[in-house]
Amino acid sequence: MEYRTTGFNGYAVQYSPFVNSSIAVGAAANFGLVGNGRLYFFDLTAQGIVAQKWYNTQDAIYDIAYSEQNANQLIAGCGDGTVKLFDTKVPDYPIMEWKEHNREVYAVAWNLVSKDTFVSSSWDGTIKLYSPERPQALLTLPTHSCTYSTHFSPHSPSIISSVTSDSHLRVFDLRTPASASNHLVHLIPIHGHAPQQGPSYNPLRPRHPPSEALTHDWNKYRDTTVATAGVDTIIRTFDIRHHKHGATAHLEGHKYAVRRIAWSPHAPDMLLSASYDMTCRVWSDRMATPNITPGSHAPSQGAELGRMDVHTEFVTGVDWCLFGGQGWCASTAWDERLLVWDARSVMNQR
Amino acid sequence: MTERLSSILKHLTPGSSGLSSITSKNADDVVITLAIRTPLARGFKGGFKDTQLDYLVYSLLSKVIEKSRIDPQMVEDICCGNVNDGKAAYLVRAAALAAGFPNTTAASTVNRFCSSGLKATQDIANQIASGSIDIGVALGAEMMSAGGDRLANAFHPDVLKNQEAADCMQPMGQTSENVGHDFNISREMQDRYAAESFQRAERAQKAGWFDDEIVPIATEVKDPKTGEVKKVVLTKDEGPRYGTTFESLSKIRPAFPDFGDKSTGGNSSQVTDGAAAVLLMRRSRAMELGQPILAKYVGATITGLAPRIMGIGPSIAIPKLLSKFNLSIDDIDVIELNEAFASMAVYCKDTLKIPHEKMNIRGGAIALGHPLGATGTRQIVTGLSECRRQKKKILLTSMCIGTGQGMAGLFVNEQL
């Protein structure tokens with residue numbers, strides 16, 4: 001199924017957590033470089049994708065997140081540093097707005113467990129925590145680097161993660177005292193730790209230089225597994241408890257930067273990615289049957305299960321459908337298209 | 001909008017925007033947390049003329065411990081660049097122990113002539129980057145007043161059969177005249193360049209720009225006439241001659257009449273005693289220890305070329321280093337290009353099209369002096385101080401090397 005968001009290039013897509021057939025897209029004019037943004041609410045009907053409502057914003061929308069506590073509400077992160085809360089019952093304008101970031105907001109995410117707070121992350125090097133009921137942010141977590149992506153852990157109401165331009169995955173735990181480390185509990189270099197002399201020392205093992213990390217997601221079944229991806233095209237999975245020797249698995253194959261990834265809500269080892277190489281790919285990190293040489297700390301290689309290359313521009317957003325058939329997903333790209341498709345159909349080809 | 005556009009472009013071709021990749025801050029970067037030097041004193045006549053090399057190194061290393069407040073036990077290796085003293089390795093080891101480093105801190109020396117100070121920095125930085133050590137000190141020190149820089153014996157006749165090997169015996173002044181002749185760098189161009197160097201050093205010294213680089217060193221000087229030994233404390237560079245003009249330099253006789261008539265004592269680097277040191281560690285370590293991060297060491301590289309025109313070394317080493325990082329001269333803010341002679345300084349500046357405003361802003365070796373083994377580290381100390389003064393970021397250092405080589409180093413100032 002396809003919908004053309006004519007005049008606006010898609011940046012983010014999400015299925016509603018409440019209504020199986022509702023889907024929202026955040027988009028921006030002129031590829032998000034300059035101009036307005038637009039938020040679309042769609043229904044998936046027997047006649048195809050039907051736009052129900054849309055809202056224009058002053059600046060580009062880079063990410064959206066449905067409210068987990070109110071079926072009509074959604075937040076959008078915008079290029080002017082604002083985070084806007086929309087209610088589909090109120091036309092034209094957001095019902096609330098927070099103007100706290102100094103630069104573009106690249107990611108927004110809702111608390112999946114306690115459902116009463118949400119976060120935003122920005123080019124200004126901070127993550128902010130908000131309640132929909134309070135006009136100011138509750139907390140600011142510094143990262144000091146352009147923060148492209150932030151999430152709450154789906155397994156805990158107090159754990160927030162982010163990936164940044166400085167090639168690090170940060171995990172914060174709000175239950176820790178706010179001392180000098182600002183709730184930071186893990187600082188994981190995605191490109192690998194510095195070499196340590198010792199039994200595993202191997203200066204010739206391929207090492208990747210640090211590169212900007214653009215996206216990440218928590219595995220929905222394995223509560224310490226996080227996947228990250230970005231400019232060096234490699235999707236890496238990490239166990240946040242055991243990251244001393246680097247990533248647990250590498251999923252390699254994309255030709256250009258990976259802009260968005262999403263673990264499947266239905267399978268513990270399946271992941272969907274969106275890339276500047278204009279493809280969406282379905283992967284398995286093969287953790288059910290890991291191919292690990294005992295004693296080796298090299299990451300195992302995951303497998304690409306299928307590829308969807310219908311988009312004709314950078315693919316920027318993907319999301320899995322939570323209900324119904326367990327392969328349905330949606331993707332949005334700079335080609336002004338929202339595509340709704342079944343991941344299983346591309347998997348059979350491999 | 002242009003920032004958003006370049007952000008997206010960087011996602012696509014990350015290697016192409018060299019500046020953003022070298023200025024990024026990562027936990028395993030090698031960083032400099034202290035950069036200091038002694039005053040540069042005139043060889044044979046100046047404040048260090050009676051100082052021994054081990055005392056000079058001992059004094060500077062004591063200051064390194066004092067200024068950085070680092071626990072000396074944490075420093076694992078010290079590498080010192082030195083050219084003239086064949087026994088320097090003994091002296092540096094002993095000086096380090098006397099300065100307060102425990103016997104668990106190792107020490108070595110390195111000699112690649114005028115680049116020795118930069119080679120020492122590269123040695124320590126590479127050891128840190130590969131995980132061999134965590135914290136090290138790189139320094140360069142030279143007592144030219146003690147002599148020892150001439151080749152005692154000619155090479156073996158079989159070695160001399162190779163013309164380029166034979167050319168390695170040429171004194172540096174001869175190579176300068178070769179450069180001046182081969183590349184048409186006139187006496188006038190050289191004197192004008194040299195006058196500018198002196199004037200810049202005078203301006204910098206009067207304005208106090210060197211104050212955050214120099215640590216005072218106490219030593220003893222013997223009066224040549226009376227034999228009386230006096231205690232002194234050196235605080236200022238002795239090289240700059242105030243009021244130097246193009247006209248005053250034009251009157252000076254050529255220094256190497258056997259080889260040419262363009263290089264003089266006024267447009268060549270001075271014979272000087274001095275030392276400079278930097279403290280290096282990984283960024284994550286510096287943050288753990290609360291050490292101030294002055295700069296990031298990005299990299300260095302070496303090139304070789306014809307020994308008879310060794311002066312053109314930087315014109316080859318600099319493009320080689322910049323291409324490794326996808327940078328151009330335009331990306332560099334401050335350049336320290338060693339003025340071994342005005343002939344090569346003018347040649348390199350013009351060949352590389354370096355705007356003179358970016359190069360040797362505080363004067364160079366012509367005005368300040370060239371203590372051979374120390375210069376490589378001295379340039380880093382001065383260059384970073386100048387970056388801080390101008391609130392600029394990218395520092396490039398380079399020097400020609402006797403026997404036909406060139407070296408260049410790249411640093412990012414982080415104290416803006």
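# A tour of chains A and B

Select strands 10 to 13 of chain A: these 4 strands form an open sheet in the order 10-11-12-13, paired antiparallel. Strands here are DSSP runs of E with at least two residues, helices are runs of H or I with at least four, and both are numbered from the N terminus; two strands pair if DSSP finds at least two bridges between them. Strand 10 (105-110) and strand 13 (139-142) of chain A are at the edges with a single partner strand each, so one side of each has no neighbour in the sheet. From one strand to the next the twist averages 20°, with axes fitted as lines to C-alpha atoms and angles running from 0 to 180 degrees between N-to-C directions.

This is a predicted model, in which local features need pLDDT of at least 70 and side-chain atom pairs count only at pLDDT 80 or more, while totals for chains, interfaces and linings use all residues. Residues are numbered from 1 along each chain as its sequence is written, chains are lettered from A and ligands numbered from 1 in the order in which they are written, and side-chain values use heavy atoms, leaving out hydrogens and water.

Stay in the sheet and pick strand 12 (residues 126-130) of chain A, which is joined to the antiparallel strand 13 of chain A by 4 bridges. One residue to label is A:Thr126, whose bridge partner in strand 13 is A:Pro142.

Next, select strands 1, 29, 28 and 27 of chain A. In that order these 4 strands make an open sheet with antiparallel pairing. Strand 1 (2-4) and strand 27 (315-320) of chain A are the edge strands; each has a single partner strand, so one side of each lacks a neighbour in the sheet. The average twist from one strand to the next is 15°. Between strand 27 and strand 28 (residues 328-333) of chain A there are 5 bridges, in the antiparallel sense, and A:Val318 is opposite A:Ser331 in strand 28.

Then colour residues 251-284 of chain A, which an unreviewed UniProt entry annotates as "repeat: WD". This stretch is 0% helix and 53% strand, and its end C-alpha atoms are 8 Å apart.

Move to chain B and show side chains on strand 6 (residues 217-222). B:Ile217, B:Thr219 and B:Val221 point to one face and are buried, whereas B:Ala218, B:Glu220 and B:Lys222 point to the other and are not; buried means under 20% relative accessible area, exposed over 50%, and partly exposed in between (1.4 Å probe, protein chains only). Strand 6 pairs antiparallel with strand 7 (residues 229-234) of chain B over 6 bridges. Within this pairing, B:Lys222 has B:Val229 as its bridge partner. The two strands form a hairpin with 6 residues between them, and B:Gly227 in the turn has a positive phi of about 80°.

Now select helix 12 (residues 313-324) of chain B. Its 12 residues span 17 Å from first to last C-alpha, close to the expected 16 Å. Its buried residues include B:Ala317, B:Ile318, B:Leu321 and B:Leu322. The buried residues of this helix pack against strand 9 (295-304), strand 10 (334-337), helix 13 (342-351), strand 11 (394-401) and strand 12 (405-413) of chain B. Just after the helix, B:Asn326 takes a positive phi of about 55°.

Finish with the cysteines: there are 0 disulfides over all chains, a disulfide being a pair of cysteine sulfur atoms within 2.5 Å. For A:Cys146, the nearest cysteine sulfur is that of A:Cys78, 16 Å away.

Technical notes:
The expected span of a helix is 1.5 Å times one less than its number of residues. Contact means heavy atoms within 4.5 Å. UniProt positions are given in the numbering used here, feature names are shortened, and annotations may be inferred rather than shown by experiment.
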